Amino acid sequence: MIDLSGRRALVTGGSRGVGRATALALAGAGADVAVGYRDRAAAAEEVVQAIKALGRRGLAVQGDLSEEDDAARVVGGAVGVLEGLDIVVANAGVWPADDVSVAGMTEAQWRGTHGANLDAVFYTLRAAIPHLPEGGRIVIVSSTAGQRGEAFHADYASTKGALIALTKSLAIELAPRVTVNCVAPGWVNTEMVRPVSADGRLEAIAAAIPLGRLATAEDVAGPVAFLCSELARHITGEILNVNGGSVLCG
């Protein structure tokens with residue numbers, strides 16, 4: 001039912017986790033996909049080969065999206081090879097795993113998290129929006145932390161809350177030409193949570209989720225693909241919760 005044939009997508013943070021799963025979901029639905037990545041060239045190239053195996057065009061574009069020039073270059077690289085851009089999934093981000101209070105947080109950590117999670121989305125979307133045609137799609141990946149906060153991770157939660165506000169702002173700004181939506185995952189069983197799994201906390205976290213488990217990357221990629229499709233053509237400014245019932249908010 002989800003048909004993205006002829007659509008051209010950029011997925012940032014596409015070399016692993018939710019980004020990788022999203023890139024493959026979009027390609028599986030018929031889209032050509034550019035994979036944005038910062039450090040993991042081999043992993044990004046593996047995703048590109050998987051995209052091509054699905055019969056779609058794929059490319060990997062390296063850049064640190066927290067740098068304005070890099071973000072513009074990544075978008076430009078995708079537009080140049082794919083000959084345009086219809087979909088942007090702003091997924092790249094970091095989650096510093098160590099608990100740090102606001103009183104004890106360094107300026108470097110605060111600014112680093114905001115650069116990776118918020119500035120990167122701003123720079124990417126500012127470069128991409130002029131290329132998006134009528135019917136274009138933007139999907140921003142936030143988090144439950146942006147909805148309820150996260151003690152000892154205020155740097156992360158504040159960026160994710162800002163992305164929710166950015167989603168709503170852009171939805172009005174770009175209507176009716178482009179829809180702008182957001183997915184807000186809870187805990188997702190990816191490499192990002194490995195520091196937590198090492199001390200056994202993930203079992204307790206999973207037990208507290210009404211559906212009884214952490215999400216997989218594919219559990220998040222499916223809703224993203226839906227929001228990129230014609231099935232979601234009358235949805236904009238929405239925050240779609242993908243958290244197994246752990247945070248119930250409308």
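**Figure 1. Cys182 and Cys249 in the predicted model, two cysteines without a bond between them.** The sulfur of Cys182 lies 11 Å from the closest cysteine sulfur, that of Cys249, which is too far for a bond. Cys249, likewise, takes part in no disulfide, its nearest cysteine sulfur being that of Cys182. A disulfide is a covalent bond between the sulfur atoms of two cysteines. With a cut-off of 2.5 Å between the sulfur atoms, the count for the model comes to zero disulfides.

**Figure 2. Surroundings of the two cysteines.** Cys182 is buried, with a relative accessible area of 0%. Cys249 counts as partly exposed, at 31% relative accessibility.

**Figure 3. Strand β6, residues 178-185.** Eight of the eight residues of β6 are buried, so the strand is largely enclosed by the rest of the structure. Val178, Val180, Cys182 and Ala184 point one way from β6. Thr179, Asn181, Val183 and Pro185 point the other way, and the residues of both sets are buried.

**Figure 4. Pairing of β6 with strand β5, residues 136-141.** The two strands run parallel and are joined by six bridges. Within this pairing, Ile138 stands opposite Val180 of β6.

**Figure 5. Pairing of β6 with strand β7, residues 239-242.** Four bridges link β6 and β7, again in the parallel sense. Ala184 of β6 stands opposite Asn241 in β7. Ala184 points the way that Cys182 does from β6.

Note on methods
Residues are numbered from 1 along each chain as its sequence is written. This is a predicted model: local features need pLDDT of at least 70, side-chain atom pairs count only at pLDDT 80 or more; totals for chains, interfaces and linings use all residues. Side-chain values use heavy atoms; hydrogens and water are left out. Buried means under 20% relative accessible area, exposed over 50%, partly exposed in between (1.4 Å probe, protein chains only). Two strands pair if DSSP finds at least two bridges between them.
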